[in-house]
Amino acid sequence: MRRVAAIAAVLLGVVGAPPSAAAAGAPPVFVDAHGLTVVKQPSWVDGNERTFVVTVRTAQVPAYSVLEHQVSGEHVIMVTLPDDYAPGKRYPVQYHLHGHPDRPDTVVNQRMFEESTVGVPLITVAPNGSGRGWYTNWAYPPAALGPQNWEAFHLDQVIPFIDANLRTIPTREARAISGHSMGGFGAFHYAERRPDLFAYVGSFSGGLDLLNQEQRAAVAATTQLPGSGTPTVPVGAIFGVPVWPLDGMWNARSPAQHVGPLRGMGVAMYVGDGGDLLDNPVQAVMENRALATNLVARDHLVAAGIAHTFVNYGDGSAWAEGCTGKHAQPACLMADMRHFVRLLTRSLTQP
């Protein structure tokens, strides 16, 4: 099918132009590009016809620990289009990285993307990061899985793949990255590694300080918990052994201490304090500890003289209805995303 589509494109003289919907109501048609092979063409997730999923394969992550509804080696990318997506216009893009253990294509993520961008000319892209990918190229991936180069997959393949297949504005000034929890770590890590790609970065309750021993314990726990994906992996698979003097990769990839590359970029952090620690204590403590890592990142930003937005919404009572400051509350995340999108509309290149 992809071969037929490619031949048709040649005959029509449009090779090199972003594919468009074949008919009214049809999602875009994607072609293989930048090392990604399309195994399932885009399909709308519902009748609103704003959000679709496309499935790809990559040699950078040929297999991975899967959650329920995932197939190892198949990577779902969820895309929400602007409600005015139309020929003749190009749009800025926000890449959003999901948390642990989560998938990109959840109802909560779809609702967050769609409701925060009503009337906003912004494409939102959520790639698969697996339940424990941690948005990095793993130090010691197990032989049974092969390479776990999540960073290379996302930065070197997904971004140019989206630019090749959708009507994006393919420049740094029109591109942002954000993420929740594990994804907040990933967003800061990616922005610091590749400041040439992003004009704005946002963390929603991100775990930003890998020097924090509680954060290290949390990452190590994800390697061992079946709920983070099957099969489990060795403790040192992702960042190496989390103990001095073998913890060099943990130190080098800790976003909180390496904020220098964010200079000149828009920076935003959102986090609560967990609220009532006796109410849903696991999620309360997770958010409270995330706050500790965000405060370290904020202090480094202040010391470096880097402008940023820091929102500590405490118990959530003044942030959003239904938000009580817990770690993965949809009401808190919706408020985070609405505020962040407002920042993007004032900063990113517009159509």
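The following paragraphs describe the strand order, helix packing, ring contacts and backbone geometry of a predicted model. Local features are reported only where pLDDT is at least 70 and side-chain atom pairs only at pLDDT 80 or more, while totals for chains, interfaces and linings use all residues. Residues are numbered from 1 along each chain as its sequence is written, and side-chain values rest on heavy atoms, with hydrogens and water left out.

Helices (H or I, at least four residues) and strands (E, at least two) are taken as DSSP runs and numbered from the N terminus. Two strands are regarded as paired if DSSP finds at least two bridges between them. On this basis, 9 strands form an open sheet with mixed pairing, in the order β1-β2-β3-β5-β4-β6-β7-β8-β9. The edges are occupied by β1 (37-44) and β9, each of which has a single partner strand, so one side of each is left without a neighbour in the sheet. With direction ignored, neighbouring strands of this sheet are turned by 15° against each other on average; axes are lines fitted to C-alpha atoms, for helices over the stretch in contact, and angles between N-to-C directions run from 0 to 180 degrees.

From the β1 edge, β1 and β2 pair in the antiparallel sense over 5 bridges, and Thr37 has Arg57 in β2 as its bridge partner. The pairing of β2 with β3 is likewise antiparallel and extends over 6 bridges, with Thr51 standing opposite Thr80 in β3. On its other pairing, β3 is joined to strand β5 (residues 123-126) in the antiparallel sense over 3 bridges, where Thr124 in β5 is the bridge partner of Thr80. Strand β3 is mostly covered, 5 of its 6 residues being buried (buried denotes under 20% relative accessible area, exposed over 50%, and partly exposed the range in between, with a 1.4 Å probe and protein chains only).

At the β9 edge, β8 and β9 pair in the parallel sense over 4 bridges, and Val271 has Asn312 in β9 as its bridge partner. The chain passes from β8 through helix α7 (residues 281-304) to β9 in a right-handed β-α-β crossover, that is, with the strands pointing away from the viewer, the path from the first strand over the helix to the second runs clockwise. Helix α7 packs on the sheet and touches β7 (200-204), β8 and β9, its direction making about 155° with that of β8; contact here means heavy atoms within 4.5 Å. Helix α3 lies across β1, β2, β3, β4, β5 and β6 (175-180) and runs at about 45° to β3.

The structure holds 15 aromatic pairs, where rings of Phe, Tyr and Trp (its six-membered ring) pair if their centres lie within 6.5 Å, and planes under 30 degrees apart count as stacked, over 60 as edge-to-face and the rest as tilted. The ring centres of Tyr64 and Trp150 are 5.8 Å apart and the planes stand at 75°, so this pair is edge-to-face. Because Tyr64 lies in the loop between β2 (51-57) and β3 (75-80) and Trp150 in helix α3 (residues 150-165), the pair ties together parts that are 86 residues apart in sequence. Tyr64 is buried at a relative accessible area of 2%, and Trp150 is buried at 0%.

Tyr270 and Trp319 form a tilted pair, with 6.2 Å centre to centre and 35° between the planes. Tyr270 belongs to strand β8 (residues 266-271) and Trp319 to the loop between β9 (309-312) and α8 (330-347), so parts 49 residues apart in sequence are tied together. Tyr270 is buried at 0% relative accessibility, whereas Trp319 is partly exposed at 22%. Both residues belong to a cluster in which ring pairs link Tyr200, Phe204, Tyr270, Tyr313, Trp319 and Phe340.

Charges also sit over rings (NZ of Lys or CZ of Arg within 6 Å of the ring centre and within 35 degrees of the ring normal). The charged end of Arg167 is placed over the ring of Tyr85, 4.0 Å from its centre, and Arg298 lies over the face of Phe310 at 5.4 Å from the ring centre.

Most residues other than glycine have a negative phi, and most peptide bonds are trans. The bond from His100 to Pro101 is cis, with omega near -20°, and Pro101 lies in the loop between β4 (93-97) and α2 (107-116). Trp244 and Pro245 are also joined by a cis peptide bond, with omega about 10°. Positive phi values occur at Trp134, near 55°, and at Tyr135, about 50°. Trp134 is buried at 5% relative accessibility, and Tyr135 is buried at 0%.
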